[in-house]
Amino acid sequence: MSARQRVRASQGSDSAEFGIHNERVLFLVFESMKWDIHALCSTASVNRKLRAVVNRLLWREVCLYRAPRMIATLTTGAINSRIGGGWHTLAKLMFFCCGCEPTRHFRTSEPTRGHRVKASRFSKTSGQSFLSRNCRGDLLYVSDMCEHQTGDKEEDHLGIFRGVFRGFHRSRTRACLVERRVKLEERVMCTYCGAPVWSMTAAQLVPKSAARRLGSHDGALEYFVCVNGHLYGSCWLVPLSSDEDDDSDGEEECYEDGRRRISSHDRTTTSGSLGSTGEVVVED
């Protein structure tokens, strides 16, 4: 490369750093806006260069600002480390309920649309309920479920939840899936990062504690885990028994078919009344 070509190349790279494409300028602007998600989405849609900066740098800052303890745990304190699927995917998982599509193991009359949520609570304690006995050493954050009424019956309520593993490629859950030679789903891709997924129902790795935690019944739920460690799924919720019934004689209430009635003490709640170790993620 000649001297003149080197000068032109350096001038071109310098000009790319002027104004709105300067990463430091963008960082300071959005920091002053308290990492407004709507503004970030609008900025990322302007062009590919801005989208690359937002995805590589700014979504990470959103995650750190909204959920510092959860991010510190997921990255084991190394916040500059890579996140499976990218920081923009983690931000989407924090603030977007993915909805529900009918699958071979979970039937619904019609799809439920996804939507942005104002606040979510992610809990490590809830996450333990979604791990089989052999995988309890893994660390998984799971959100409180988002309730959707569906169908014609008033009691038809759908619970939708999502979560993320720490270090999924080194997890016992992934090792179990590989050891069992569980096949990746052919027609389902991760709602958050587009990666292939395993059905934990097909893999027979759904513990009974997951249904109890959600306020569902064993077999009335399904969730997927993608190769990047994102979890999402749906369940049918059963009516809660009243506090009077729960306290009446200290015995478990059951339906006529023998299934145990879910009480308000079982179901994960957005108020955090179960005392789970977690963090509330709020969009201002």
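## Paired strands and aromatic rings

Strands E8 and E9 pair with each other in the antiparallel sense, over 5 bridges. What you are looking at is a predicted model, so please read every value here as computed from that prediction. Two topics are worth your time: strand E8 with its partners, and the aromatic rings, which form 9 pairs in the structure.

**Strand E8 and its neighbours**

- Strand E8 covers residues 221-226, and 6 of its 6 residues are buried, so the strand is largely enclosed by the rest of the structure.
- In a regular strand, side chains alternate between the two faces of the sheet.
- What covers the faces of E8? Both faces are covered, with Leu221, Tyr223 and Val225 buried on one side, and Glu222, Phe224 and Cys226 buried on the other.
- On the E9 side, Tyr223 stands opposite Gly233.
- E8 also pairs with strand E7 (residues 197-199), in the antiparallel sense and over 3 bridges.
- In that pairing, Ser199 stands opposite Phe224 of E8.
- E8 and E9 form a hairpin with 3 residues between the strands, and in this hairpin Gly229 takes a positive phi near 90 degrees.

**Aromatic pairs**

- How many aromatic pairs does the structure hold? There are 9.
- One of them joins Phe27 and Trp35: the ring centres are 5.3 Å apart and the planes meet at 70 degrees, so this pair is edge-to-face.
- Are Phe27 and Trp35 buried or exposed? Both are buried.
- Phe106 and Trp236 form a stacked pair, with 5.8 Å from centre to centre and 20 degrees between the planes.
- Phe106 lies in the loop between strand E1 (96-97) and strand E2 (115-116), while Trp236 belongs to strand E9 (residues 230-237), so their pair ties together parts that are 130 residues apart in sequence.
- Phe106 has a relative accessible area of 4%, so this residue counts as buried.
- Trp236 has a relative accessibility of 27% and therefore counts as partly exposed.

**A ring cluster and a charge over a ring**

- Which residues do ring pairs link into a cluster? They are Phe130, Phe161 and Tyr223.
- Tyr223 may look familiar, as one of the buried residues of E8.
- Rings can also have a charge as a neighbour: the charged end of Lys92 sits over the ring of Phe96, at 5.5 Å from the ring centre.

Key
Residues numbered from 1 in each chain as written. Predicted model: local features only at pLDDT ≥ 70, side-chain atom pairs only at ≥ 80, totals over all residues. Heavy atoms only, no water. Phe/Tyr/Trp six-rings, centres within 6.5 Å; stacked < 30°, edge-to-face > 60°. Buried < 20%, exposed > 50% of the residue type's maximum accessible area, 1.4 Å probe, protein only. Helix = DSSP H or I, 4+ residues; strand = E, 2+ residues; numbered from the N terminus. Lys NZ or Arg CZ within 6 Å of the ring centre and 35° of its normal. Pairing = 2+ DSSP bridges.
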